[in-house]
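User: Hi! I'm new to this one and would like a friendly tour. Could you bring it up so we can look together?

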Amino acid sequence: MDFSALEFAISALNIMLDPARLMVLAAGVLVGLTIGVIPGLGGIVGIALLIPFTFEMDPYSAFAFLIGIGAVTTTSDTVPAVLFGVPGTTGSAATILDGHPLAKRGQAGRAFGAAYTASLLGGLAGAVLLAVSIPVLRPVILYLGSPELLAICVFGMSMVAVLSGKAPLRGMVAGGIGLMVAMVGSDPQTGTMRWTFDTLYLWDGLPLVPITLGLFALPELADLAIRRQSIGRQARVDTRSGQLQGIRDSLKRWWLVLRCSWIGAALGAVPGMGAAVIDWLAYGHALKTEKDTERFGEGDIRGVIASESSNNAKEGGALVPTLAFGVPGSASMAILLGAFTMHGLVPGPRMLTENLEVTYSIVWSLALANVLGAGLCLTFSNQLARVATIRMGLLLPVVLAIIFLGAFQGSRQWGDLHVLLGFGVFGWVMKQQGWPRPPLILGVVLGDIVERYLFISVNRYDWAWLSRPLVILFFTLALLGLLGPLVRNLRAAVGKGSGLRLRPRFSTSALFTVSILAVLVGFVLVTSQWNFEARIVPLAVGYTAMICAILSVINEVFLRSATGAALERESSAEASGKGEALTLNGQTVLIRAAEFFAWCGGYLLLARVTGMLPSIFVFVVLGVRFWGRETIAWALGLGIGVTAFSWLLFDRVLSIPWPQNLLGGIFPALQPFLR
């Protein structure tokens, strides 16, 4: 490490050791641990939900809070995996194989001790990789210009094929939709209003926060509402006895921990390599390299150690391309990119030059969060286990209320809540039809960056920039990344004998793709009327997405067998995220989903009439009492508590400018009480 980097690292450590920032980091860790225990949420939802709470923080505190959340969800997700056989996040799926059998034999404490220690060591390994990468990448970054950065962004977008599991065509369409969403609003070069439909709210574009919450948070909560049950039903669990033995197991097998941590950190640095893959690769590595593996899958502590050390290490690895090149290493990193722009930071070269102190503060936050998270899990594992037993009737109205207030921080207009609900419905339908959502949010995040770098490259170098060596290299890699999964899927289809289907079969998935295609055609027709400078990039994206949608429809209707269709829909849990709700009757799922979104729409209508805070109280009370079938005491208690918390935080502390509501407009004297 060069001396300048060392000086920045020491300075960043001094900044992070400030008591106030340590408290913010600890708060993020506590939230992350709680979210990790609740299956279906995870780091993506946690970061998306709480980004609005960082608006008034300085960058050091903001990223300490967000990194604290994201770094430890894969620590506490061990609780439901071991105790109930249900993964808290996709990164703990492999932990179930040996962790749950250990719990059945009365050795849950041993499994937790080994898992938390392995998570701690793995998280520190990821932080070390990030710290070592910074001085190595700094001289490289200085030689990159706008053409190279554009090529890297295009390469990052090509990772939609990887983020899409077995549905690369759908992933490309979703990525294209994300890029087009990012272009809504005034064109920065010509001032042309793109897809604003004469709506003032859309002039500045769609805010990232309500889009992210709609795509990721609402669909997961909808599935929890559809299932209508807690994950675990045990009132009391003992997770402490045997923890010391589990700690000794991890320390004794330090070489296994180190190897699997390296695997997790290295694969985490590969854009698009999801957590659902990494823990299985580490588990397979342990299975092949360890001796006497006959009991793997039946309660071998080494299986727990391998999985847990890798899934925590991946976070440090995923931050490497995110910080250095602005290419997210995972879906949660794509959301974190949005947080950078909200705090006036540009992911990429500036993070390793002008903002190096902030970058090193992120390294220290990652290391400290893992230490704190493992310590809290070892101390309060019994209490964390009880979170998984909270009744959905109590949990859902409270979390939804926080989501409504969080989405409102996008631009602090009523339109934010409309965007939240619209993308919530769209995201839930995508999830049920096997469409990957991470590519869409990746397109939203990278859209402005891609268009800006393209404009600079063309204006400064004309078209000569296309002949630059690194541009050619990354464009080639992007092309291979996009075509590779398509070729593999085609070979697999031919190998299975799918062939051409003479009688086309129209499934709901194909009809959904056709509807997406129709919307794309409409947007392209509108785009063709703009100035050349304003329409060139949107048309290129629109036509590409249309071609991919057409190919996907052909593949769905004419080419694939029923087996192939099922295989494509069953993409990775992180990509498509099909929930357990689909084990219910299809009509029941639709009715309960309609009820859930009707409750959300009812809140929106009530908020327009009475204001956000009074409607929060009514929403929580009615939700807990009639939706959750809880007692009046629980309903009123939670309603008062959530409303008081929201008023103190948003009105008194953050001084949010609340929008005008109907009653406040009719009776101005009531406006101070109708926030």
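User: Let's start with L102. Leaving aside neighbours within four places in sequence, what is L102 in contact with?
Analyst: Setting those neighbours aside, L102 is in contact with Q107, A108, A111, G299, I301 and V304. Please keep in mind that this is a predicted model.

User: Where is the place of L102?
Analyst: L102 is in helix α6, which covers residues 95-104.

User: And is L102 buried or exposed?
Analyst: Buried, because its relative accessible area is 0%, and buried means under 20%.

User: I301 was on that list. How many residues apart in sequence are L102 and I301?
Analyst: The two are 199 residues apart in sequence, and from C-alpha to C-alpha they are 8.0 Å apart in space.

User: Let's zoom out. How many helices and strands does the chain have?
Analyst: The secondary structure comes to 28 helices and two strands.

User: What percentage of the residues count as buried?
Analyst: The chain has 675 residues, and 59% of them count as buried.

User: What about contacts in the chain with a separation of 6 or more: what share comes from residues 24 or more positions apart?
Analyst: Those residues account for 80% of such contacts.

User: Now helices. At what angle do α10 and α20 cross?
Analyst: Their axes cross at roughly 40° and come within 7 Å of each other. Helix α10 spans residues 168-182, and helix α20 spans residues 438-461. The crossing of α10 past α20 is right-handed.

User: Which residues make that contact?
Analyst: On the α10 side they are G171, A174, G175, I177, G178, L179, V181 and A182. From α20 come P439, L440, G443, V444, L446, G447 and D448.

User: And by class, what does the contact of α10 with α20 have?
Analyst: Nine nonpolar, five polar and one charged residues.

User: G175 makes me curious. Which residue is 366 residues apart from G175 along the chain, with C-alpha atoms separated by 9.3 Å?
Analyst: That is V541. V541 belongs to helix α23, residues 532-559, and is buried at 13% relative accessibility.

User: What does V541 touch, not counting residues up to four places away in sequence?
Analyst: V541 touches G176, L179, M180 and M183. You met L179 in the contact between α10 and α20 as well.

User: Switching to W195. What is the phi of W195?
Analyst: About 55°, a positive value, although W195 is not a glycine. W195 lies in the loop between β2, residues 193-194, and α11.

User: Is W195 buried or exposed?
Analyst: W195 counts as buried, because its relative accessibility is 3% and the cut-off for buried is under 20%.

User: Leaving aside neighbours within four places in sequence, what is W195 in contact with?
Analyst: The residues are M180, M183, V184, L202, F523, V526, T527, W530 and P538. M180 and M183 are also touched by V541. As for V184, it is eleven residues from W195 in sequence and 5.6 Å away in space, C-alpha to C-alpha.

User: Which residue joins its side chain to that of W195 by a polar contact of 3.2 Å?
Analyst: T527 does. In addition, a polar atom of the W195 side chain lies 3.4 Å from the backbone oxygen of F523.

User: Which other residue lies in the loop between β2 and α11?
Analyst: F197 lies there. Its phi is near 50°, again positive in a residue other than glycine. F197 is exposed, with a relative accessible area of 53%.

User: On to α11, then. Where does D223 lie?
Analyst: D223 lies in helix α11, residues 208-227. D223 is buried, with a relative accessible area of 1%.

User: What polar contacts does the D223 side chain make?
Analyst: One joins D223 to the side chain of W428 at 3.3 Å. Another links D223 with the side chain of K431 at 2.7 Å.

User: Last topic, cysteines. How many disulfides does the count come to?
Analyst: Zero. For background, a disulfide is a covalent bond between the sulfur atoms of two cysteines.

User: Is C377 buried or exposed? And C600?
Analyst: C377 is buried, with a relative accessible area of 0%. C600 also counts as buried, at 2% relative accessibility.

Technical notes: Residues are numbered from 1 along each chain as its sequence is written. This is a predicted model: local features need pLDDT of at least 70, side-chain atom pairs count only at pLDDT 80 or more; totals for chains, interfaces and linings use all residues. Side-chain values use heavy atoms; hydrogens and water are left out. A disulfide is a pair of cysteine sulfur atoms within 2.5 Å. Buried means under 20% relative accessible area, exposed over 50%, partly exposed in between (1.4 Å probe, protein chains only). Helices (H or I, at least four residues) and strands (E, at least two) are DSSP runs, numbered from the N terminus. A polar contact is a pair of N or O atoms within 3.5 Å; within protein, one must be able to donate a hydrogen and the other to accept it, and residues adjacent in sequence count only if both atoms are side-chain atoms. Contact means heavy atoms within 4.5 Å. Axes are lines fitted to C-alpha atoms, for helices over the stretch in contact, and angles run from 0 to 180 degrees between N-to-C directions. A crossing is left-handed if the near helix is turned anticlockwise from the far one by less than a right angle, and right-handed if clockwise. Ala, Val, Leu, Ile, Met, Phe, Trp, Tyr, Cys and Pro count as nonpolar, Asp, Glu, Lys and Arg as charged, and the others, Gly among them, as polar.
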